Amino acid sequence: DVYSIELQYEKAIIESNKLKMELRNSEEKINAKNSEKEKLESEIDRSKESLRHILRLLYKIGGNVYLKLFIRIDNLDQLFKNYRMFLSLVNYKSDEIDHLKTNIRLLEAVKKELETHHTRLKNLQGQQEQKLMEIRGIKQSKMTLIRQINSDRKQYMQWLDELEVEADPERFNPRKTEA
């Protein structure tokens, strides 16, 4: 039993070492995801700042900006030019807003993935620690039993020797054998 428990304990240690390696690999992945997260956050911050800048400009110009762009024209060419510029600005900012939303969703997905992975690893680590403690407990109880058996064996051997001496006192009496 003790050898079997030793084998189980060694297997558990090997599994624990594998888990530690997996944890290290996961930590590397988490670090990579954190750098990805930081990159996304900086990109989001840049997009937000750009949008703030445009909104600030639009606010400074005042309400009905598109009307002012079309009212202050000298000829029809300028009207079309202003219209194309306004559309390109709106399309650019619309694309930037969509890109910002996409980045926010990606960031949330990365955060969720990191949390899930971290939780899974913590659960695995807890299970592995519990398994090692159970095996250690079993091993200690078996070793205690072996020590008790060895102690009892010594006591029984001593009693056996005493019984043999009492059963045949002449055989174990050195004075009678010399005479």
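Trainee: Which residues gather in a patch of negative charge on the surface?

Mentor: This is a predicted model, so what follows describes computed features. Negative charge is counted for Asp and Glu, and four such residues come together in one patch on the surface. The members of that patch are Asp161, Glu162, Glu164 and Glu166.

Trainee: Is Glu162 buried, partly exposed or exposed?

Mentor: Glu162 is found in helix H3, which covers residues 76–167. Partly exposed is the class that lies between under 20% and over 50% relative accessible area. Because its relative accessibility is 43%, Glu162 counts as partly exposed.

Trainee: How many helices and how many strands does the protein have?

Mentor: Read from the N terminus on, the elements of the protein run α-α-α-α. That order agrees with the totals for the protein, which are zero strands and four helices.

Trainee: How many salt bridges does a search of the whole structure find?

Mentor: One salt bridge is formed by Lys139 with Glu6, where the closest N and O atoms are 2.6 Å apart. Another is formed by Lys131 with Glu15, and there the closest N and O atoms are 3.1 Å apart. For the whole structure, the search finds a total of two.

Trainee: In the salt bridge that Lys139 forms with Glu6, how many residues apart is the pair?

Mentor: The closest N and O atoms of Lys139 and Glu6 are 2.6 Å apart. The pair links distant parts of the chain, with Lys139 in helix H3 and Glu6 in helix H1. Lys139 counts as partly exposed at 25% relative accessibility, and Glu6 is partly exposed with a relative accessible area of 25%. Along the chain, the separation of Lys139 and Glu6 is 133 residues.

Trainee: Why does the salt bridge of Lys131 with Glu15 tie together parts that are apart in sequence?

Mentor: In this salt bridge the closest N and O atoms of Lys131 and Glu15 are 3.1 Å apart. Lys131 lies in helix H3 and Glu15 in helix H1, so the parts tied together by the pair are 116 residues apart in sequence. Lys131 is partly exposed, with a relative accessible area of 33%, and Glu15 also counts as partly exposed, its relative accessibility being 35%. The reason asked for is therefore the placing of Lys131 and Glu15 in two helices, H3 and H1.

Trainee: Which residues is Ser16 in contact with, leaving aside its neighbours within four places in sequence?

Mentor: Ser16 is found in helix H1, which covers residues 2–61. With a relative accessibility of 7%, Ser16 counts as buried, because buried means under 20%. Once the neighbours within four places in sequence are left aside, the residues in contact with Ser16 are Gln128 and Leu132.

Trainee: What separation is there between the C-alpha atoms of Gln128 and Leu19?

Mentor: Gln128 is found in helix H3 and is buried, with a relative accessible area of 9%. Leaving aside neighbours within four places in sequence, Gln128 is in contact with Ala12, Glu15, Ser16 and Leu19. Although Gln128 and Leu19 are 109 residues apart along the chain, the separation of their C-alpha atoms is 8.3 Å.

Trainee: Is Glu96 buried or exposed?

Mentor: Glu96 has its place in helix H3, and, leaving aside neighbours within four places in sequence, is in contact with Ser47, Ser50 and Leu51. The C-alpha atoms of Glu96 and Ile44, which are 52 residues apart along the chain, are separated by 9.9 Å. Because its relative accessibility is 10%, Glu96 counts as buried.

Trainee: What percentage of the 179 residues in the protein do buried residues make up?

Mentor: The accessible surface of the protein comes to about 14500 Å², and 56% of that surface belongs to carbon and sulfur atoms. A residue counts as buried under 20% relative accessible area. Of the 179 residues in the protein, the buried share is 16%.

Methods: Residues are numbered from 1 along each chain as its sequence is written. This is a predicted model: local features need pLDDT of at least 70, side-chain atom pairs count only at pLDDT 80 or more; totals for chains, interfaces and linings use all residues. Side-chain values use heavy atoms; hydrogens and water are left out. Buried means under 20% relative accessible area, exposed over 50%, partly exposed in between (1.4 Å probe, protein chains only). Contact means heavy atoms within 4.5 Å. Patches are made of residues with over 30% relative accessible area and no salt bridge: like charges are joined within 9 Å, nonpolar side chains (Val, Leu, Ile, Met, Phe, Trp, Tyr) within 5 Å. Accessible areas come from the Shrake-Rupley method with a 1.4 Å probe; for residues, only the protein chains shown count as cover. A salt bridge is a side-chain nitrogen of Lys or Arg within 4 Å of a carboxyl oxygen of Asp or Glu. The place of a charge is taken as NZ of Lys, CZ of Arg, CG of Asp or CD of Glu.
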